[in-house]
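Subject: Structure handover

Hello,

Here is the structure I said I would pass on. My notes on it follow below.

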Amino acid sequence: MLTAAAALMVPPPLRFAEATSPAPIDLTARQRSLSLLPDAGATPIWGYADQWPLVLRTRRGEVFRAALHNELTEHSTIHWHGIRLPVAMDGVPYMTQPPVEPGQSFAYEFTPPDAGTFFFHPHCDTVTQLGRGLAGALIVEDPAERDLFAADLVCAIKDWQLNPDGSFGAFMTMKGAARAGTFGNIETANAQPLAEMQAPSGGWVRLRVLNLDSSRIAVLNLAGAEGRIIATDGNPLASNSAPVPVKGWRLGPAMRVDIAFRMPDDPSAIVEFQNIFGTAPKPIAHITSDGTSAKAPDGWPQLAASHVPEADPESAQRISFDLTAGHTSPELEAWLKESGLGLDALCLPGQTFWAINGQAWAGQSHQFTPPPLADLKLGKPYIFEIFNGTPHQHPIHLHGHTFRVLRSNEKNIVPHLADTVLLAPKERVEICFIADNPGDWMMHCHIIEHQETGMMGYVRIG
Ligand code: C2O
Ligand code: CU
């Protein structure tokens, strides 16, 4: 029997506000055209709107409604990446909702419990759909932050695999899927080779950076101003956290950071946001003066505190997840046999390169669901100890929860909240969270070719 005091120590399951009724945002997924190559024809991208990136803004604690209308040639869904929402709104076909067939619609509705920089994308044939550009940014605002910044800018990184005439090349290659992923040959930010943005001279800038690419890992730097990371995957760093410089931050697919910096007073100054992954820094964006000037209050802007419940690592149960190159485990094969299914229920033969805990779940669809990687008890704290036993990096994403990245065996980490954690080869990382959201929640690599070729599973919370 639990005493009242002990019962109180178990945090209640995440609760969601009752729906009111703002008009739903119309998101029609269809082919649209975007000019990506200056000397070629427009590219037939897939989008929810004609502008790329599409940036939606809503408020923390308010009902958000969006209607997906599928005018594509294949089924789709929308996954609201990083939002802690009810599982029925999570957008995983077959698992959390039926796929939305061409000509059909689906109404999404949830109340974001956290402010921050999020995004949304399909969870079907993702290599093609995201490869063609089907994604958008979802900015959840906190009214308490209204006066912190003179400018609030969005920078969405995405590369495109294009033929010289502007049409798409192959989104997936066996060589890429078995290694670091297939890279686009046209690198862009906000669909430009170099994103150009403006902000008032002397003012504080919030630069929201989203990696919407399927494969590329960018290493960030800011030149021309001192920048600090103030939020990771949308979540504010704690006010007592050590400062996190921008330089060297590795932003894998699906990861976001919010960067704060003060624009120089000199109206002719250029602040350059860079990718320093290669030998020479590559500019991603230029931020210049908009011709006005702003007074910046002293001291770094402090975002409103996070609403993510803190798990106590001391009382958390540990579960290991090993990322390996791999094939389907003998246990899973036996289970498939028992269920009267063949191996091809899990993957297209020859397309399984990766596994989590020896279990590979691959495939362009989710028509078939293997057993969960782990069963978690609702309301209990967990530490996931994730080990990367492969020679490649993997950004691992857990749906429906925001975790704290506690430590790594490879580097000193400033503990921070995230929904996606990037692991270097041989790195072991610990993440901690409260399993407060009931349902089956995907956990997978966000290098989409890795996800599609086996590095995908789910945990069950109930
Ligand atoms: Cu953004 Cu299951 O992913
Ligand atoms: Cu991976």
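Please keep in mind that this is a predicted model.

I begin with the metal site. The donor residues of the copper ion (ligand 2) follow the spacing H-x50-C-x4-H in sequence. The protein donors are H394 through ND1, C445 through SG and H450 through ND1, and they lie 2.0 to 2.1 Å from the copper ion.

The two histidines come from separate elements. H394 is in strand β26 (residues 394–398) and H450 is in helix α5 (residues 448–452), so the pair ties together parts that are 56 residues apart in sequence. As for whether these histidines are buried or exposed, the cut-off for buried is under 20% relative accessible area. H394 has 0% relative accessibility and therefore counts as buried. H450 also counts as buried, because its relative accessibility is 0%.

The other item is the largest pocket. Its space comes to about 410 Å³. There are 25 lining residues, and those closest to the centre of the pocket are W249, R250, K411, I413 and H416.

Which strands supply at least two residues each to this lining? They are β16 (244–245), β28 (416–418) and β29 (420–423). Strand β29 gives the largest share, with four residues. By residue type, the lining is made up of 13 nonpolar, six polar and six charged residues.

If you open the model, the copper donors H394, C445 and H450 are a reasonable place to begin, followed by the pocket lining around W249 and R250.

Regards

Methods
Residues are numbered from 1 along each chain as its sequence is written. Chains are lettered from A and ligands numbered from 1 in the order in which they are written. This is a predicted model: local features need pLDDT of at least 70, side-chain atom pairs count only at pLDDT 80 or more; totals for chains, interfaces and linings use all residues. Side-chain values use heavy atoms; hydrogens and water are left out. On a 1 Å grid over the protein atoms alone, a cavity is a set of points where a 1.4 Å probe fits but cannot get out, and a pocket is an open set with protein on both sides within 12 Å along at least five of seven lines; lining residues have an atom within 4 Å of a point. Grid points are joined across faces, edges and corners, and a volume is the space filled by probe spheres set on the points. Ala, Val, Leu, Ile, Met, Phe, Trp, Tyr, Cys and Pro count as nonpolar, Asp, Glu, Lys and Arg as charged, and the others, Gly among them, as polar. Donors are N, O and S atoms within 2.8 Å of the metal (3.2 Å for Na, K and Ca); water is not among the atoms, so sites may look incomplete. Buried means under 20% relative accessible area, exposed over 50%, partly exposed in between (1.4 Å probe, protein chains only).
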